[in-house]
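Biologist: I would like a close look at a single part of this chain, taken slowly and with its surroundings. Please begin with one side chain and what it touches, and then widen the view from there.

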Amino acid sequence: MTTVFDPVDLSGTQLSNRIALAPMTRSRAGEGGTATDLTVDYYTQRASAGLIITEGIQPSVVGQGYPSTPGLHSAEQVTSWRKVTDSVHAAGGRIFAQIMHAGRIGHPVLLPDGLIPVAPSPVAAPGQVYTHVGPKDFVEPHELTGAEIRATIADFVTASRNAVEAGFDGVELHGANGYLIQQFLAPNTNLRTDEWGGSDPARIRFAVEVVRAVAAEIGAERTALRISPGNPYNGIEEPEPDAVYTALVAELEPLGLAYLHVLEQAGTRELTLALRKQFTGTLVINVFSEGPTGPEHHTVIDDGIADIIAYGALFLANPDLPARLKAGGPFNTPDPSTFFGGDAKGYTDYPALSV
């Protein structure tokens, strides 16, 4: 029986175990959206993961959705990330960059030169976003033109090429949590009636073309996609996700991607199992259907539901999580007050395991 502690071949990248660090926004980037020494410490401390998936990294200036998030669209950003990947590799780890375009999630005060957030349709998200000048209501985004959609796909490709230049083992394209790719997939955020919307085949087109373009540039073995079918986060409404996501995976299956990452929502296990049968490559699961993924959830590997399990908050509080899982604990309790902001350093100085 395969266990979470067994190695796995990720399309040619050898992983020491089947435990992944889930991608999580940290809002600790330096000047110009660069990785910092704290970034190096954070990821290197978690290099015992079979796979590290970084926080969301914007592929363009307009792709930024939160304050102090990093990018991969400038030479300075590429250089800064090289320090991270070199350190992780020296510690024996493997690391994928998550490329995340926030789409309508964001605010003009976070963007330069009079830019406003963009989306498939001019539908504002409900609620507010935190900015450096306080909470701000989401604004109506600019509806991307056909030419701008093509340019956005090119931005994903450039950022992915930059990720490889920066030393990443691959990229995960963020198609979950209500950001741009999922905004094209969801019927309440994609109201288009052209070739990019109006039907399931049209709504999946953006996601498919981004993945294909990136895979053509850096290789399918270095390309992955994260999805969260039925996830209501950031105002997404997908009341019947099965058809669109099975259609999406059917288009991507022949490419031979590094992996498909499913952020599982409550009530969607049957869809996860259907996608598992449909996708013959490596499946990563973040078991969010029962709340934050806990130490008991690694049985999804034993049961053959997935090949890799991604941990979020538990990995923040326990940088040596694989060793703790193998020992059966003890586990530090996550403290959300340490998770965000430049002065909150708790996530790099939790007590180490002593057994």
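Modeller: Let me begin with Val164, which, once residues up to four places away in sequence are left out, touches Ile218 and Arg222. This is a predicted model, and the values that follow are computed from its atoms. Val164 belongs to helix 3, which covers residues 146–165, and the C-alpha atom of Val164 is separated by 7.5 Å from that of Ile218, although the two residues are 54 apart along the chain. Is Val164 buried, partly exposed or exposed? With a relative accessibility of 23%, Val164 counts as partly exposed, because the buried class is kept for residues under 20%.

A contact that spans such a separation can be set beside the figures for the whole chain. Among contacts between residues at least 6 apart in sequence, 69% join residues that are at least 24 apart. The chain contains eleven helices and 14 strands, and 59% of its 355 residues count as buried. Taken along the principal axes, the C-alpha atoms fill a box of roughly 60 × 45 × 35 Å. The radius of gyration is 19 Å, which agrees with the value near 20 Å that a compact globule of 355 residues would have.

From the helix I turn to the strands, beginning with strand 14, residues 308–311, which is covered on both faces. Ile308 and Ala310 lie on one side of strand 14, Ile309 and Tyr311 lie on the other, and all four are buried. The general background is that side chains in a regular strand alternate between the two faces of the sheet. Strand 14 also has paired neighbours: strand 3, residues 19–21, runs parallel to strand 14 and is joined to it by three bridges, with Leu21 having Tyr311 as its bridge partner. Strand 13, residues 282–287, likewise runs parallel to strand 14, and two bridges join the pair; here the bridge partner of Ile285 is Ile309. Tyr311 and Ile309, the partners named in these two pairings, are the residues listed together on one side of strand 14.

An antiparallel pairing is found elsewhere, where strand 7, residues 128–131, is joined by four bridges to strand 8, residues 134–137. These two strands form a hairpin with two residues between them, and within that pairing Gln128 of strand 7 has Asp137 of strand 8 as its bridge partner.

The open spaces of the model deserve the same care. The largest pocket holds about 710 Å³ of space, and its lining is made up of 28 residues, among which Pro23, Met24, Thr25, Asn177 and Phe288 lie nearest the centre. Helix 10, residues 313–317, gives the most to this lining, with three residues. By character, the lining of the largest pocket divides into 15 nonpolar, eleven polar and two charged residues.

The second largest pocket has a volume of about 290 Å³. It is lined by 16 residues, and the closest to its centre are Gly30, Gly32, Gly33, Gln64 and Thr69. The lining of the second largest pocket divides into five nonpolar, ten polar and one charged, where glycine is counted among the polar residues.

Finally, a few points of backbone geometry should be checked by eye. Ser11, in the loop between strand 1 (8–10) and strand 2 (13–15), has a positive phi of about 50° although it is not a glycine. The relative accessible area of Ser11 is 33%, so this residue is partly exposed. Asp113 also has a positive phi, near 55°, in a residue other than glycine, and it sits in the loop between strand 5 (95–99) and strand 6 (118–119). At 78% relative accessibility Asp113 counts as exposed, because that class begins over 50%. The remaining point concerns the peptide bond from Gly329 to Pro330, which is cis, with omega near 0°; Pro330 lies in the segment after helix 11 (321–327).

Conventions:
Residues numbered from 1 in each chain as written. Predicted model: local features only at pLDDT ≥ 70, side-chain atom pairs only at ≥ 80, totals over all residues. Heavy atoms only, no water. Pairing = 2+ DSSP bridges. 1 Å grid on protein atoms, 1.4 Å probe; cavity = no way out; pocket = protein on both sides within 12 Å on 5 of 7 lines; lining within 4 Å. Points joined across faces, edges and corners; volume = space filled by probe spheres on them. Rg over C-alpha atoms; globule rule 2.2 N^0.38 Å. Buried < 20%, exposed > 50% of the residue type's maximum accessible area, 1.4 Å probe, protein only. Contact = heavy atoms within 4.5 Å.
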